[in-house]
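User: Could you walk me through how to read the features of a model like this one? I'd like the general idea each time, and then the case at hand.

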Amino acid sequence: MIRKGTFRVFFQNGIGVYAGHVQETKPHIHHATEIIFGLTGKFSLVDSKNQKKEYTISLIPHDIKHQFINDSQIMPVFIYLDPFHNLAQQLRKSFYLQNDIVHIDTPPTQQIKDRLRLWFNGENINILELTYQLVNQLTDHTSHEVCTDSRILKSLNYIKVSLNTVLRVDDLASKAHLSGSRYAHLFKEQVGIPFRRFVLWSRLQTTIESILEGNSLSSACYDGGFADLSHFTRTFVSMFGVTPSSVLKG
């Protein structure tokens, strides 16, 4: 976790939270289910059809092109959930998230917003617990099943500890005693996104986590399995619409 004056960021256990003064992003696509809201007002999103709309809270399915615009100079909060995370599944099934951005009129409770402000200001707030509280509020405490196939669960654990190696779908399929095509189908069915997208998203998360732990950029890129800093930066911009230095420096 990093706190540097104008932002605070957390990435761990399949959940990422960023609060900071982001003015505008480039159009981008990432592999997480995303929640965006402001602590003080509304914001705008431009969708894949180039239509600009104002939101109180937006839910963005994974792999949906969008652009954030901070018209009202609010303090935005961005929450990223792994597509197979139980909270992402909870949102997807409660709001039928598929190909469109969902607008929610009801803002987070005042208690949640107050605790987020305290977290932003450096207080020791359990941000994981707070994220669960928010999703439970939005979904009225509805829960859903997540990835349960033991072969895929073993694959996810293997990927997590092997990101600085070459990861091929056929190699993982062999470990699961499945054909490459059957494994790829099962992986997407269980996880929510294709194998290669999941690996790239995992590389990005691990690199960010390593940076937050205070490691050098070169060391963090190695931890995540990126060839070099340029590769990481290109991936970061394509998925978040901003450069790493613009949001990870105070």
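Analyst: Gladly! Let's start with one pair: the side chains of R197 and D63 meet in a salt bridge, at 3.3 Å from N to O. R197 lies in helix 7 (residues 195-212) and D63 in the loop between strand 7 (57-60) and strand 8, so this pair ties together parts that are 134 residues apart in sequence. Helices (H or I, at least four residues) and strands (E, at least two) are DSSP runs, numbered from the N terminus. This is a predicted model, in which local features need pLDDT of at least 70 and side-chain atom pairs count only at pLDDT 80 or more, while totals for chains, interfaces and linings use all residues. Residues are numbered from 1 along each chain as its sequence is written, and side-chain values use heavy atoms, with hydrogens and water left out.

User: What is the general idea of a salt bridge, and how many does the structure hold?

Analyst: Side chains of opposite charge can pair when their charged atoms come close. The rule here asks for a side-chain nitrogen of Lys or Arg within 4 Å of a carboxyl oxygen of Asp or Glu. The structure holds six such salt bridges. In one of them, D71 meets K52 at 3.4 Å, N to O. That pair links distant parts of the chain, 19 residues apart: D71 sits in the loop between strand 8 (67-69) and strand 9 (76-81), and K52 in strand 6 (residues 52-55). Another joins D149 and R151 at 2.9 Å, N to O.

User: Is D149 buried or exposed?

Analyst: Read the relative accessible area: buried means under 20%, exposed over 50%, and partly exposed in between, with a 1.4 Å probe and protein chains only. At 16%, D149 counts as buried, whereas its partner R151, at 33%, is partly exposed. R197 is partly exposed too, at 37%, as are D71 at 42% and K52 at 48%.

User: Which residues touch the most other members of the largest nonpolar core?

Analyst: In soluble globular proteins, nonpolar side chains tend to be buried together. A nonpolar core is a set of buried Ala, Val, Leu, Ile, Met, Phe, Trp, Tyr and Cys residues joined through side-chain atoms within 4.5 Å. The largest one has 32 residues, and L45, L204, I208, F232, F236 and F240 touch the most other members. Strand 2 (7-12), strand 5 (43-46), strand 9, helix 7, helix 8 (217-224) and helix 9 (229-240) each supply at least two residues. Helix 7 gives the largest share, five residues.

User: And how do I read cavities? How much space lies in the largest cavity?

Analyst: Rolling a probe the size of a water molecule over the atoms shows where empty space is left. On a 1 Å grid over the protein atoms alone, a cavity is a set of points where a 1.4 Å probe fits but cannot get out, and lining residues have an atom within 4 Å of a point. Points are joined across faces, edges and corners, and the volume is the space filled by probe spheres set on them. There are two cavities of 30 Å³ or more, and the largest holds about 200 Å³. Of its 16 lining residues, Y18, Y80, F240, V242 and V247 are the closest to its centre. The second largest holds about 40 Å³, and helix 3 (127-139) gives the most to its lining, with four residues.

Notes:
1 Å grid on protein atoms, 1.4 Å probe; cavity = no way out; pocket = protein on both sides within 12 Å on 5 of 7 lines; lining within 4 Å.
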